[in-house]
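Q: Could you take me slowly through one part of this model, explaining each term as it comes up?

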Amino acid sequence: MLDCRRKLGRAKESVRNLFERDAKKRTVTLSGGSRVTYAGIKWLAIKAKHFEKEFIRPGTASINTNISCHQSAAMKTLCRDRYLQILLESGTYNFDHIFVVRNPYGEAPLTALALFQTAESCAVRVTVKGDRDTEDYCSELPSARLHRVPILGLYAGRENIVQIELLGDNGKVMNKRIFPLVTKNMPSALRDIIKIKKMAKNPAFKNILISGGLDIQTCAFDRTGEIRYYLRRPVKGYGVFPLAGGRFFYMEKRVSRPTYTNPTAVQCHDMDYLGRVHKTYFSEKGMHHTVEEKSPGGNLLVGSGTMEGHTEDLVEERDRETGKAVHSIRIDQLFDDTYIDWIDWAHVNSAAYYKEDDSVLISLRNIHSVISVGYTTKKLRWILAPPDFWEGTEMEPYLLKPVGDVRWIYQQHSAFYLEREEGDDPDTRRMIVYDNHWAKRRKSAGFDGDPKSYVSFYEINEKEMTVRLDRSFGHHKARIRSNGIYCPKERRVYSMAGCYAKPVEDEYWGGIYGFDYDSGKCLSRVYVKPGFFRAYDFTPDAVKLAEPMQYDSEKEDYFCGDLQRPKKLSEEEAAEIDFHRCVRRRFSPEALFIEEDVLFTEGVDHEIQRIYLVGEKGTYMAVFDDTEQTMPEAFGDSYYHVCIWLDELPKDHYELLLKAGGELRSTGKWIEKI
């Protein structure tokens, strides 16, 4: 390793200088005479911008405006990916001259992409050298002549050593290149946030992804506590949700919908771990807490809200291609009115579909209940909850009856069925649930005051309507958030304790525990300083990341879903508003901007009440004052953008005015639809 570092010494200074000039590219010669051309993302952005006309949407092309227009994340991805593919196919780069761009899509700073051709088809292995051999980050790609090699697992703020090997049919190394790759410093918010207290010799998860919470960026760390991946921009408090094919669902923190409590995410992305945005989804009612695929690569099951006096009480299925809601389950239609007495009475925090019996398993935090619902029938099947909580109500017949000593769940999170294993009773389903065991939100007479939280495994016999506690793994109390994961092959259990009731060692608010499933012994314990929402195994699919994006603008749209569109006011309604008596306000490019054909306007929670587009042929209005904040102490100071779709506005010249904070404001901005 020392000899390798000496050989790379001359190249390192050149590479370091390169990344101080991100708008340029530079070629350096390595030991042995091979070359690497390094490009900065600013250089790539300039080159890729020429492809915008290839992907521009009709609604975008029909708008003239003096409002700041931002390139959408999806447009940025498509343009860069197309340019990189053209560059690869040009034949400019081969194994003696490799092209490398760090963080090519601008979203994942500890990633890079290498491009080169080979004369014959061969497989590729790429390795980022770790501080120890056990921390090497390694991926293999199938045989090809054109190679897009994703590089993940880089360290921040240092010169990484990257090795790319060409492999023959028998897996034998035919050739290799070793080169340095410099990364920028870690953001201050991610420095020294992981503390390894105890680590298993052979953990089931080599790297762990943590996301969500209030004060942390999505990141992944290795078994030594070093962060080897992170996303540039903060995500909504619910974090990201892993999907099939190495993708994840990302909820924008900056774009929300005002509700009666916590503003919910309106703009979300289907992304991969290189930072590519494959599709952007909009939801008029907002999304929160949970996203699961009904089947790998299929439609999405998400948490939403009815917004009819209540919030976070709806589960929707959204079409993967169109983003439209195609099915929904209202939680209030499953229960009697015993507990429908709060704005956030149910609080959906997980929902998963199971084809085996066409059911959906839903966790409802604020009523201490996990429920099974017939997906197509929308009929309640059973309730797992403390019996005394529903005693004497119409829901009592749906309660699962305990077999043996059962520790009941309180304010639980993340309820999922386990895959069936050989020898399982066909009439029994095994379920894992994170039992926060916390009853401060909604009191329950039977709450035992147990000082621990648990990852618990339950066996549910639906024929007999019974439940048995199989086993559980307890630790320091986590009052909210959190999830549990079972690894059947390794017989390990992970407890992702996202938010402690009290910090440990005075400053760590979250923890990750690894247990042996059979003995119950705690094998690993890691503390996370700011806490988080959920954590997962970090296993990007390098093969999928190496594939160029496929996009047909005539058949699909990278902006989809449902979003409020301004409605035309009648002449009488428009006449009631004196648009001449308004206050002139200045807006920064970040507070008021357009992406594609969507208008974004920023304000503090519930500040933006109405958006007016006053045209020569008519006046249009969008409404954001249909709810009121009932928990201002928690959410009243939230800043976010609300947004509307401009695609259906008729041709006209419109002046943009806002009703905000009770006053009518002139923005000095205009939009012309042509």
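A: What follows is a close look at strand β2 and at the helix contact that involves a buried cysteine.

This is a predicted model, in which local features need pLDDT of at least 70 and side-chain atom pairs count only at pLDDT 80 or more, while totals for chains, interfaces and linings use all residues. Residues are numbered from 1 along each chain as its sequence is written, and side-chain values use heavy atoms, with hydrogens and water left out.

Helices (H or I, at least four residues) and strands (E, at least two) are taken as DSSP runs and numbered from the N terminus. Strand β2 covers residues 35–39, and because four of its five residues are buried, β2 is largely enclosed by the rest of the structure; here buried means under 20% relative accessible area, exposed over 50%, and partly exposed in between, using a 1.4 Å probe and protein chains only. Two strands are said to pair if DSSP finds at least two bridges between them. Strand β1 (residues 25–29) runs antiparallel to β2 and is joined to it by five bridges, with Val-28 standing opposite Val-36 of β2. Between these two strands of the hairpin there are five residues, and Gly-32 takes a positive phi near 100 degrees. β2 also pairs with strand β5 (residues 97–102), in the parallel sense and over five bridges, and there Tyr-38 stands opposite Val-100 of β5.

Turning to the helices, α3 (residues 41–48) and α6 (residues 73–89) pack at an angle of about 90 degrees with their axes 9 Å apart, where axes are lines fitted to C-alpha atoms over the stretch in contact, and angles run from 0 to 180 degrees between N-to-C directions. The two helices are therefore roughly perpendicular to each other, a label for angles of 65 to 115 degrees, whereas those under 35 count as roughly parallel, those over 145 as roughly antiparallel and the rest as oblique. The contact (heavy atoms within 4.5 Å) is made by Ile-41, Trp-43, Leu-44, Ala-45, Lys-47 and Ala-48 of α3 together with Cys-79, Arg-80, Tyr-83 and Leu-84 of α6.

Cys-79, one of these contact residues, counts as buried at 1% relative accessibility. The closest cysteine sulfur to that of Cys-79 belongs to Cys-69 and is 15 Å away, which is too far for a bond, since a disulfide is a pair of cysteine sulfur atoms within 2.5 Å. A search of the whole structure likewise finds zero disulfides.
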